[in-house]
Amino acid sequence: MNSLQVVTTDDILLKLCHSVTHVLSSTSDSQVTHAGMVQNITRTCLKPDLGCFSIFDGGFSGLVVINFTKEAAIEIYRRYMLNMGMPESELAISHTSDDVANVMGELMNQILGNFIKTISKELQTSISQSQPKMLTINKELTISIDTNLDEAVSRRVTFRTADNHIFYLEFAMDKTEFIKLKEFAMDEDIDPDALIESHGNRANKQAGHLAATSAAVAVTNEADDLLTELGL
């Protein structure tokens, strides 16, 4: 009998870390990495300079906190905005700017969206998130979840930006395991750009075919008209 495949809390944390690096690297067009070691902690905190948190619930409950230093926040914000085509002269220069908080909150939203999609596909369960809250703070704030977690597990992971600025992910959730009972097919990821390109190529081929058919019909009609004029 084959041994059952088990996905633990730390496996779920790794999926979240992959979502963080994937979203921040792709949106900022730079390399964001996470440490190979994870730290066991007793509580989750919002820390200076820019802290963001979101609560999730459903198949399991938990809390995600990301604490950015001002250097890391400004770097990611500016790289993201420049990658979006914004002129550098229009970008904020301080991490206390509302624009920085809004952008970092949006990136947090994208991270959690990617994480939730992964959980749904790979673990076949569903979770929902609260709207991420981004706060500019100068003192440490302890955060707890309203609902009690079942044997809470808390972890901290260190991340590094392309310019070697540090930020931290703190994660608290139910101690849980997902056990794979049988093989199943995962839903394929849909690339909107590839889908649009595919439809565009198909439409161009159809248009080309119609144009060729119309041209052939026109040539045939012209030949028939010429034969008629010649009395043939």
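Q: Let me start with one residue: where is Glu106 found?

A: Glu106 sits in helix α3. One thing to keep in mind from the start is that this model is predicted.

Q: Is Glu106 buried or exposed?

A: Here we look at relative accessible area, where anything between 20% and 50% counts as partly exposed. Glu106 has 36% relative accessibility, so this residue belongs to that middle class.

Q: How many residues apart are Glu106 and Met134, and how far apart in space?

A: Sequence separation and spatial separation are two readings worth taking together. Glu106 and Met134 are 28 residues apart in sequence, and 9.5 Å lies between their C-alpha atoms. You can try the reading again on Met173 and Asp150: these are 23 residues apart along the chain, with C-alpha atoms separated by 8.1 Å. Met173 belongs to strand β11 and, at a relative accessible area of 0%, is buried.

Q: Next, helices. What should the 20 residues of helix α1 span?

A: The rule is 1.5 Å times one less than the number of residues. For α1 (residues 9-28) this gives 28 Å, and the end C-alpha atoms are 29 Å apart, which agrees.

Q: How many residues of α1 are buried?

A: The count is 14 of the 20, so α1 is largely enclosed by the rest of the structure.

Q: What happens just after α1?

A: Backbone angles are the thing to look at there. Just after the helix, Asp29 takes a positive phi of about 50°, and Asp29 is a residue other than glycine. Asp29 lies in the loop between α1 and β2 (33-34). With 60% relative accessibility, Asp29 counts as exposed.

Asn164 gives you another case, with a positive phi near 65° in a residue other than glycine. Asn164 is in the loop between β10 and β11, and this residue is exposed, at a relative accessible area of 52%.

Q: Which peptide bond is cis?

A: For this one, read the omega angle. The bond from Pro48 to Asp49 is cis, with omega near 15°. You will find Asp49 in the loop between β4 (44-46) and β5.

Q: On to the inside of the protein. Which residues touch the most other members of the largest nonpolar core?

A: A core is read as a network of buried nonpolar residues joined through side-chain contacts. The largest one here has 46 residues, and Ile12, Met104 and Phe167 touch the most other members. The elements giving two or more residues to this core are α1, β5, β6, α2 (70-83), α3, β10 (153-160) and β11 (166-173). The most comes from α3, with twelve residues.

Q: How many aromatic pairs are there?

A: Rings pair when their centres lie within 6.5 Å. That gives a count of six aromatic pairs. One of them joins Phe60 and Phe178, with 6.0 Å from centre to centre and 75° between the planes, which makes the pair edge-to-face. This pair links distant parts of the chain, 118 residues apart: Phe60 is in the loop between β5 (50-58) and β6 (62-68), while Phe178 is in strand β12 (residues 177-180). Phe60 has a relative accessible area of 2%, so this residue is buried.

Q: Why is the pair of Phe159 and Phe167 stacked?

A: Planes under 30 degrees apart count as stacked. The planes of Phe159 and Phe167 are at 10°, with ring centres 5.2 Å apart, so the pair is stacked. Phe159 is buried at 0% relative accessibility, and Phe167 is buried with a relative accessible area of 0%.

Q: Which residues form one aromatic cluster?

A: The cluster is made of Phe56, Phe60, Phe115, Phe171 and Phe178. You have already met Phe60 and Phe178 as an edge-to-face pair.

Q: Finally, how much space lies in the largest pocket?

A: A pocket is an open space with protein around it, and we can ask about its volume and its lining. The largest pocket holds about 290 Å³. Its lining has 13 residues, and Glu122, Leu123, Ile179, Lys180 and Phe184 lie nearest the centre.

Q: Which elements supply at least two residues of the lining of the largest pocket?

A: They are β1 (5-8), α3 (98-123) and β12. Strand β12 gives the most, with three residues. By class, the lining has seven nonpolar, two polar and four charged residues.

Key: Residues are numbered from 1 along each chain as its sequence is written. This is a predicted model: local features need pLDDT of at least 70, side-chain atom pairs count only at pLDDT 80 or more; totals for chains, interfaces and linings use all residues. Side-chain values use heavy atoms; hydrogens and water are left out. Rings of Phe, Tyr and Trp (its six-membered ring) pair if their centres lie within 6.5 Å; planes under 30 degrees apart count as stacked, over 60 as edge-to-face and the rest as tilted. Helices (H or I, at least four residues) and strands (E, at least two) are DSSP runs, numbered from the N terminus. Buried means under 20% relative accessible area, exposed over 50%, partly exposed in between (1.4 Å probe, protein chains only). On a 1 Å grid over the protein atoms alone, a cavity is a set of points where a 1.4 Å probe fits but cannot get out, and a pocket is an open set with protein on both sides within 12 Å along at least five of seven lines; lining residues have an atom within 4 Å of a point. Grid points are joined across faces, edges and corners, and a volume is the space filled by probe spheres set on the points. Ala, Val, Leu, Ile, Met, Phe, Trp, Tyr, Cys and Pro count as nonpolar, Asp, Glu, Lys and Arg as charged, and the others, Gly among them, as polar. A nonpolar core is a set of buried Ala, Val, Leu, Ile, Met, Phe, Trp, Tyr and Cys residues joined through side-chain atoms within 4.5 Å.
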